[in-house]
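Hi,

Here is the model I promised to send over. Have a look at it first, and my notes follow underneath.

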Amino acid sequence: MKQAVSWSEEVKTGQPFLQLILLDRTIQEADPSGEDMEWGMGLLFSLLMGIFAGLLWHNKKKKMKRKGVENKSGVPKGSLGWPFIGETLDFIACGYTSRPVSFMDKRKFLHGKVFRTHILGTPIIVSTDPDVNKVVLQNHGNIFIPAYPKSIRELLGENSILQMNGNLQKRVHALIGGFLRSPQLKSRITRHIENSVKLTLGSWQDMQLVHVQEETKKITFGVLVKVLMSVGPGEDLNFLKREFEEFIKGLICLPIKFPGTRLYKSLKAKERLLKMVKKIVEERKLAMEKTDEKGIIMANNDAVEVLLRDSEEGNEKQSLPLDFISGNIIEMMIPGEETVPMAMTLAVKFLSDCPVALHQLMEENMELKKQKKDSTQGYSWTDYLSLPFTQHVISETLRLANIINGVWRKALKDIEIKGYLIPEGWCVLASFISVHMDEEIYEKPYCFHPWRWEVA
């Protein structure tokens with residue numbers, strides 16, 4: 001039976017959903033005389049006037065600050081849009097089109113490669129210039145520090161990996177990076193990925209319609225949670241996936257926390273996630289302490305053990321709190337639910353639209369399969385790195401998909417880059433998508449062409 005392939009609505013844009021919650025309240029008359037209604041309407045009118053006056057005062061203060069910035073020579077041109085929402089609606093609307101970069105392109109045409117705007121509750125300077133982006137990224141920590149939209153900061157918390165800086169950031173990155181690069185993990189995870197893919201493909205036999213993105217999420221989320229916490233298939237994994245799906249919907253949304261809003265729902269989902277993950281971390285800590293008492297030295301099996309063992313071994317270092325470890329474990333689940341499945345799904349779509357690339361990719365991988373069959377050896381991490389065209393397909397997919405479309409930073413002091421002044425305290429968005437889709441850098445940037453990565 002021929003199967004149909006369905007692309008999720010999310011895949012059309014590469015942007016998370018923004019849910020606008022509309023509250024509709026019906027006022028019913030309780031008193032025939034109408035006095036209660038008049039009193040209620042008067043109270044409502046007073047509240048609305050108070051809110052309106054507060055917004056005007058807040059907006060006036062922001063305008064005074066803006067004038068101070070605008071008077072400085074070299075500050076990028078641009079528009080901050082409407083009060084509070086800025087140009088957020090246009091930014092998100094462009095994300096639902098076939099060319100999400102159109103938001104950047106329009107402003108780049110009007111104001112230049114570096115411009116000013118206001119999105120997701122934050123006034124920000126956007127750079128579509130690769131040279132400016134390079135300076136911003138290279139000066140991490142001393143001139144620029146991580147700074148993300150309020151909805152992201154609210155959800156991930158003050159101890160987020162994205163917002164870490166200084167020695168703590170270096171410490172955590174070194175621990176997790178060293179663990180993920182270890183040969184032991186690569187060997188174990190390669191086998192786990194292979195088994196997960198076989199099981200998933202086997203389940204497609206009786207399916208008339210295959211939702212590619214949902215199926216890839218089953219693989220990637222399960223593999224990643226296994227690496228992070230050693231949680232296998234079962235009720236715990238199903239609970240984590242269900243709550244994580246609710247949690248991640250709020251990463252890009254208006255920063256409003258009233259009950260019923262997207263951010264509020266996502267924060268509640270994170271509370272439930274934290275409760276479960278912290279329980280797993282506490283149980284693992286007790287098990288490790290019992291093992292250490294017996295004098296048994298064991299290798300780290302997952303990210304939880306890496307972070308817990310560092311806390312035990314560091315006599316001079318402050319131990320990492322369990323809440324800190326739990327929060328960062330949740331954050332490290334994001335690639336398994338969003339970025340990696342999205343990239344894999346788009347790779348399938350791009351290859352489906354380019355039969356020549358698909359044929360060359362299959363030939364290269366079938367040759368590897370033949371070699372492995374003749375040698376009776378299993379697949380290894382280095383085998384995949386030895387496939388040049390497969391690597392080109394991965395690079396081209398990441399360029400065209402723009403899963404990570406930019407990074408956010410905040411300037412600790414005034415800095416001038418290529419004649420552009422970035423004032424102290426202002427956020428900067430180094431846009432990757434604008435560089436990846438720039439016709440001056442890539443020929444036919446909207447065309448899937450893996451061969452562009454071949455070294456001449």
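The mean pLDDT of the protein chain is 78, and 80% of the residues reach 70 or more (pLDDT being the predictor's confidence in each residue, from 0 to 100). This is a predicted model, so local features need pLDDT of at least 70 and side-chain atom pairs count only at pLDDT 80 or more, while totals for chains, interfaces and linings use all residues. Residues are numbered from 1 along each chain as its sequence is written, and side-chain values use heavy atoms, with hydrogens and water left out.

Confidence is lowest in helix α1 (residues 35-70), with a mean of 47, and highest in α16, at 93. Over residues 6-49 the pLDDT stays under 50, and for that stretch the model has 50 contacts beyond four places in sequence. A contact here is heavy atoms within 4.5 Å.

Now the overall picture. I count 17 helices and nine strands in the protein chain; these are DSSP runs numbered from the N terminus, with helices being H or I of at least four residues and strands E of at least two. Of the 456 residues, 43% count as buried, where buried means under 20% relative accessible area, exposed over 50% and partly exposed in between (1.4 Å probe, protein chains only). Among contacts between residues at least 6 apart in sequence, 70% join residues at least 24 apart. The accessible surface comes to about 26,300 Å², and 58% of that belongs to carbon and sulfur atoms; the areas come from the Shrake-Rupley method with a 1.4 Å probe, and for residues only the protein chains shown count as cover.

On to the inside. The largest nonpolar core has 83 residues, and M229, L240, F244, F247, I329 and M333 have the most contacts within it. The biggest contribution comes from α10, which gives nine residues. For the record, a nonpolar core is a set of buried Ala, Val, Leu, Ile, Met, Phe, Trp, Tyr and Cys residues joined through side-chain atoms within 4.5 Å. If you want one residue to centre your view on, try L240: leaving out residues up to four places away in sequence, L240 touches F221, V225, M229, V231, L273, M276, V277 and M333. There is also a second, separate core of 13 residues, and I125, V132, V136 and I415 are among them.

Helix α9 also holds E243. Is this glutamate buried or exposed? At 9% relative accessibility, E243 counts as buried. Neighbours within four places aside, E243 is in contact with A269, R272 and L273.

Then the charged pairs. The structure holds 22 salt bridges, each defined as a side-chain nitrogen of Lys or Arg within 4 Å of a carboxyl oxygen of Asp or Glu. E246 takes part in two that I looked at: one joins the side chains of E246 and K249 at 3.9 Å, N to O, and another joins E246 and R262 at 2.6 Å, N to O. With E246 in helix α9 (residues 235-248) and R262 in helix α10 (residues 262-293), that second pair ties together parts that are 16 residues apart in sequence. As for their surroundings, E246 is partly exposed at 22% relative accessibility and K249 is partly exposed at 39%, whereas R262 is buried, with a relative accessible area of 4%.

Further along, the side chains of D302 and R284 form a salt bridge at 2.5 Å, N to O. This pair links distant parts of the chain, 18 residues apart: D302 sits in the loop between α10 and α11 (303-313), and R284 in helix α10. D302 is buried, with a relative accessible area of 0%, and R284 is buried too, at 15%. Elsewhere, a network of salt bridges links E87, D90 and R107.

Last, two backbone oddities to check by eye. S230 has phi near 60°, a positive value in a residue other than glycine; S230 lies in the loop between α8 (212-229) and α9 and is partly exposed, at 33% relative accessibility. N402 has phi near 50°, again positive in a residue other than glycine. You will find N402 in the loop between α16 (388-401) and β6 (406-411), where N402 counts as buried, at 6% relative accessibility.

Cheers
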